[in-house]
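Let's walk through this model together, starting with the overall make-up and then settling on one helix and its neighbours.

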Amino acid sequence: MIQSVRLIALLSATFVLTIGCSTVPETGRRAFNFIPPNQEKAMGLTAFQKYKETRPVSSHPEYNAAVKRVASRLVRVVDIPGAEWEFVVFEDESPNAFALPGGKVGIHTGLFKVVQNDAQLAAVVGHEIGHIIARHGGQRLSKSMTVAGVGAVAAAAMNRSENVSDSQKLKILAAYGAGSTVGIILPHSRKQEIEADKLGVIYMARAGYDPREAVNLWVNFAEYKAKNGGPKVPDFLSTHPVDATRIRELESYIPRVQDDYRRASVTRTLPAS
């Protein structure tokens, strides 16, 4: 019976994966996402509007000016058809930022305790734009829905069998839930974070920001968390990779975008004709 459950789950997952693959721009990674882009965008716009209605928006002149400067340069080097770009600074002491489909980016005031210049801010905003470009929100939703669906198929198959006791069913489903979370959903999220880091340095380089500042940003974050008692969650149980992992990945990737940075720097220094 257990072999039958595994076969049903495998066939269901194979079917969904076959019909829901797309390619991430820039990185070329094949991604599983069966949420239509227009539906992703609609969900993003709705969620961002609700967020603005329930969270205080910052009027801090320096923070807003910095975000406007950086965002205006970054959006010129990315291509999201139909994007309704909006960059909002929210009053929140946590050093964080987030992105939603449709071109919506939120930046917490607490982030300015970590970023030290426009280039480091561009690394954060570029990272968030990377999430939008790669459609990570739709991918996560697709993955979670598939895991839940396969689990439901397996549960239904076991419920129809007289050869599996109730205690065995509970053990199998518990193992499936834990295994799918640690083995599929969390690594998938960490992979997205690293991909967004790389997309971020691509865009900041093309916008004329030194991509090496992305590494300095994560050094700042590590120091901030060390001083403020950051979370001690093991890497394999975290949705985000540890800072050392991010720094290592970025250091190995940055040489690939240095030419983009040099070209952008030359273009920005040329006199207007």
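**A guided tour of the chain**

Of the 273 residues in the chain, 44% are buried. Keep in mind as we go that this is a predicted model. The chain holds nine helices and five strands, and read from the N terminus their order is α-β-β-α-α-β-β-β-α-α-α-α-α-α. If we take the contacts with a separation of 6 or more, 72% of them join residues 24 or more positions apart.

A good place to look in detail is helix H7, which covers residues 212-227. How far apart should its ends be? At 1.5 Å a residue, the 16 residues of H7 should span 22 Å, and the end C-alpha atoms are 23 Å apart, which agrees. Several side chains of H7 are worth finding in the viewer: Glu 213, Ala 214, Val 215, Leu 217, Trp 218, Asn 220, Phe 221 and Tyr 224 are its buried residues. Just after the helix, Gly 229 adopts a positive phi of about 65°.

Now turn to the partners of H7. Helix H4 (residues 118-134) packs against H7 at an angle of about 85°, with the two axes 8 Å apart. An angle between 65 and 115 degrees counts as roughly perpendicular, so H4 and H7 are roughly perpendicular to each other. On the H4 side, the contact is made by Ala 119, Gln 120, Ala 123 and Val 124, and these meet Glu 213, Ala 214, Asn 216, Leu 217 and Asn 220 of H7.

Helix H8 (residues 243-253) gives another arrangement: its axis and that of H7 come within 9 Å and cross at roughly 170°. Since angles over 145 degrees count as roughly antiparallel, H7 and H8 are roughly antiparallel to each other. Here H7 contributes Ala 214, Val 215, Trp 218, Val 219, Phe 221, Ala 222 and Lys 225, while H8 brings Asp 243, Arg 246, Ile 247, Leu 250 and Glu 251 to the contact.

Next, have a look at the aromatic side chains. There are eight aromatic pairs in the count, and one aromatic cluster is formed by Phe 48, Tyr 51, Phe 90 and Phe 98. A ring also features with a charged partner: Arg 73 lies over the face of Tyr 209, 3.8 Å from the ring centre.

Our last stop is a loop. Between helix H3 (61-74) and strand S3 (86-90) you will find Pro 81. Is Pro 81 buried or exposed? Its relative accessible area is 72%, and exposed means over 50%, so Pro 81 is exposed. In sequence, Pro 81 and Gly 102 are 21 residues apart, and in space their C-alpha atoms are 9.1 Å apart.

Note on methods. Residues numbered from 1 in each chain as written. Predicted model: local features only at pLDDT ≥ 70, side-chain atom pairs only at ≥ 80, totals over all residues. Heavy atoms only, no water. Helix = DSSP H or I, 4+ residues; strand = E, 2+ residues; numbered from the N terminus. Expected span 1.5 Å × (residues − 1). Buried < 20%, exposed > 50% of the residue type's maximum accessible area, 1.4 Å probe, protein only. Phe/Tyr/Trp six-rings, centres within 6.5 Å; stacked < 30°, edge-to-face > 60°. Lys NZ or Arg CZ within 6 Å of the ring centre and 35° of its normal. Axes fitted to C-alpha atoms, helices over the stretch in contact; angles between N-to-C directions. Parallel < 35°, antiparallel > 145°, perpendicular 65-115°, else oblique. Contact = heavy atoms within 4.5 Å.
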